[in-house]
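Trainee: I would like to learn how to read the surroundings of a ligand, and then the packing of two helices, from a set of coordinates. Could we work through one case together?

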Amino acid sequence: MSKDLDTLLKEEREFKADPNLIDQSNIKQWMNSHDINDYEELLEKSNENIEWFWNEMAMEMEWFKPYKQILEWEHPHAKWFLDGKFNIVHNALDRHIKTWRKNKVAYIWEGEDGSVKKLTYFELYREVNRLANALKNMGVKKGDRVSIYLPMILELPIAMLACAKIGAIHSVVFSGFWAKAFQERANDAKVKVAITADGFNRRGKTIELKKTVDMVIDNIPSIEKILVVENIGLEVNMEEGRDLFWSDVLKKEIAICETEELDSEDPLFILYTSGTTGKPKGVLHTHAGYAVGTYTTLKFVFDLNDQDIWWCAADVGWITGHSYIVYAPLLMGATSFIFEGTPDYPDPGRFWKMVEEHGVSVFYTAPTTIRMFMKHGEKWPQKYDLTTLRILGSVGEPINPEAWVWYHKNIGNHKCPIMDTWWQTETGMHIITPLPLSDLKPGSACKPFPTIQADVVDDDGNSIVGDGGHLVLKNPWPSMFRTLYGDPERYVEAYWSKFPGMYLSGDVARKDEEGYFWIQGREDDVLNVAGHRISTAEVESALVSHPTVAESAVVGRPDILKGEEIAAFVVLKNEFQASPKLKHQLREHVREFIGPIASPAFIGFVDDLPKTRSGKIMRRVIKARVKKEDVGDISTLSNPESVDGLDKAV
Ligand code: WT7
């Protein structure tokens, strides 16, 4: 199906699993205690009886009241651990306070400026309790939504946990998104309270976050209170009666707060992700199933134990950070390292310097970051001692074999396995992934996690081997999303309608003879820029909101570093002239509306966009021209001459 992934298909290198790692691994020990001899038997047994497997894992959690039923699957609606009383925060914090882990470090945080802060489980627990009390005083109740719009500072996990503790639903908005994106998400969830900061530093530049909120606050009628973290001491506008400083509020609160006894299926958070058309999708996750799924995958895939320093180098604003910086590591009682800044600031050795200084042992990043390091060369990692590393990970987009091998050699010194984990905001946890038992093939995410029935099917829904097709999942898993917030029809239509009984991931993949999966990318028009899903529709609507623009079409253009970069074609209103200055203004405009990540790398001015007779833009044609490929069949095109215009603009 996808032509530009030929290099993946030819990959034949294989890296055998290390017997020492296998023997000591969490998964092997678990298998031993369940009389399971090898990987094949593990998959067989757990697939035969998924309830058995997940029940075993759920029993590693503390329940206020035990569940009566493991799974209720009324396609496409799943409920897990029914009638149980549970709270993810009880398991992530409260239970550790009763053990030796009380004084273990939960987070080691390093700021962009090099300052370091550490929080033990007990300290984190007390901060969360204070904020939970403060939220209650601000009128937040069980089921209320709270927007969290914070940079990568410790207040971000604290805010999430405080919401969850009292049964409020958090909706984190990535701090790199700007005013319009914040407004849209806050309105969709009708949030009562927003938590933000005065601002933060990015590559030495100051980003004013509270000011961004102020730009759109009049358009978000549901917000009653705004809590502002004084992060870098910026002067901010505070509206009497509405805006409160974090430190003022918290110093009044005691550090004891009951954890709300929730139902297993009570909602934990909403996280917005881009869809092909229309507004972003509010992916909804719940307390118990999400806890069990993320905990289990972190334990078995990345094999964490109490000696490890775990570093998931994602932003908490994405699902990777929700699952594997905040919830799963705390559920495991692990020590995590968190970094506020960017990988190449002040220089491309920054990450490796921190691995050395903090003794990081398990490290998880994205292919786009690895490709950036490849560009800067081996000399940067060579300056530092990386021998503490034992396992590496990759997530967010397909990792090309060259990057995989570079990562394996230069960061892992040939000895660390690379866990190429395929999953999505919707799945909550790793779905197709190696385990420490797996023999690895560079570029392949290996096999489905125990209990997961993933498959590749053709357009008729028939299972296929060796060719590209739709990547689908055929049974439920505990941390699956339960619905799209406020839009239950779209949940069914977008994910569960194309093939009866199957979850449609929206990705194209190939399964080889040995059952290894090779993910090839998105099948729709959502772009994957540096591992982040960005909808063409959102960028287009930002462009069209500029006074000079009549119409626009946005497509992805392959980019060695970012995976994809954004190429935008713009039709100007008659009275305006194309110019380099206008190009610059449009880029700035998109930046301001959505955020720097969505700013187009390329803008071309055209008189007309290729359209079907019904007026739909034919992105397929635009994409082909951007890649300088043949446009194929254009008989349904109403204005074939527009193709020449594209060529002139490229
Ligand atoms: C999409 C999900 C999952 C956390 C980060 C992104 C792509 C993700 C891989 C991988 C190939 C991958 C897919 C997927 N993707 N991991 N290991 N190999 N592609 O979460 O924003 O929900 O995006 O990211 O296209 O559908 P997300």
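Trainee: Which helix and which strand each supply at least two residues of the shell around the ligand?

Mentor: In this predicted model, helix H13 (319–332) and strand S25 (517–522) each supply at least two residues of that shell. By class, the shell has six nonpolar, six polar and five charged residues.

Trainee: Which residues come nearest to the ligand?

Mentor: A residue is counted as near when one of its heavy atoms lies within 4 Å of the molecule. Of the 17 residues around the ligand, those that come nearest are Asp420, Thr421, Thr425, Asp507 and Arg533.

Trainee: Where are polar atoms of the protein placed against those of the ligand, as with threonine 425?

Mentor: An N or O atom in the side chain of threonine 425 is 2.5 Å from an oxygen atom of the ligand, while a polar side-chain atom of aspartate 507 lies 2.9 Å from an oxygen atom of the ligand. Glycine 396 uses its backbone instead, with an N or O atom 3.1 Å from a ligand nitrogen. Taken alone the ligand exposes 550 Å², and the protein buries 96% of that.

Trainee: At what angle do H12 and H13 pack?

Mentor: Angles of 65 to 115 degrees count as roughly perpendicular. Helix H12 (residues 287–301) packs against H13 at about 85°, with the axes 9 Å apart, and the two are therefore roughly perpendicular to each other. Among the residues that meet are Tyr290, Thr294 and Leu298 in H12, and His322, Tyr327 and Met332 in H13. By class, this contact has 11 nonpolar, four polar and one charged residues.

Definitions and conventions:
Residues are numbered from 1 along each chain as its sequence is written. This is a predicted model: local features need pLDDT of at least 70, side-chain atom pairs count only at pLDDT 80 or more; totals for chains, interfaces and linings use all residues. Side-chain values use heavy atoms; hydrogens and water are left out. A polar contact is a pair of N or O atoms within 3.5 Å; within protein, one must be able to donate a hydrogen and the other to accept it, and residues adjacent in sequence count only if both atoms are side-chain atoms. Accessible areas come from the Shrake-Rupley method with a 1.4 Å probe; for residues, only the protein chains shown count as cover. Helices (H or I, at least four residues) and strands (E, at least two) are DSSP runs, numbered from the N terminus. Ala, Val, Leu, Ile, Met, Phe, Trp, Tyr, Cys and Pro count as nonpolar, Asp, Glu, Lys and Arg as charged, and the others, Gly among them, as polar. Axes are lines fitted to C-alpha atoms, for helices over the stretch in contact, and angles run from 0 to 180 degrees between N-to-C directions. Angles under 35 degrees count as roughly parallel, over 145 as roughly antiparallel, 65 to 115 as roughly perpendicular and the rest as oblique. Contact means heavy atoms within 4.5 Å.
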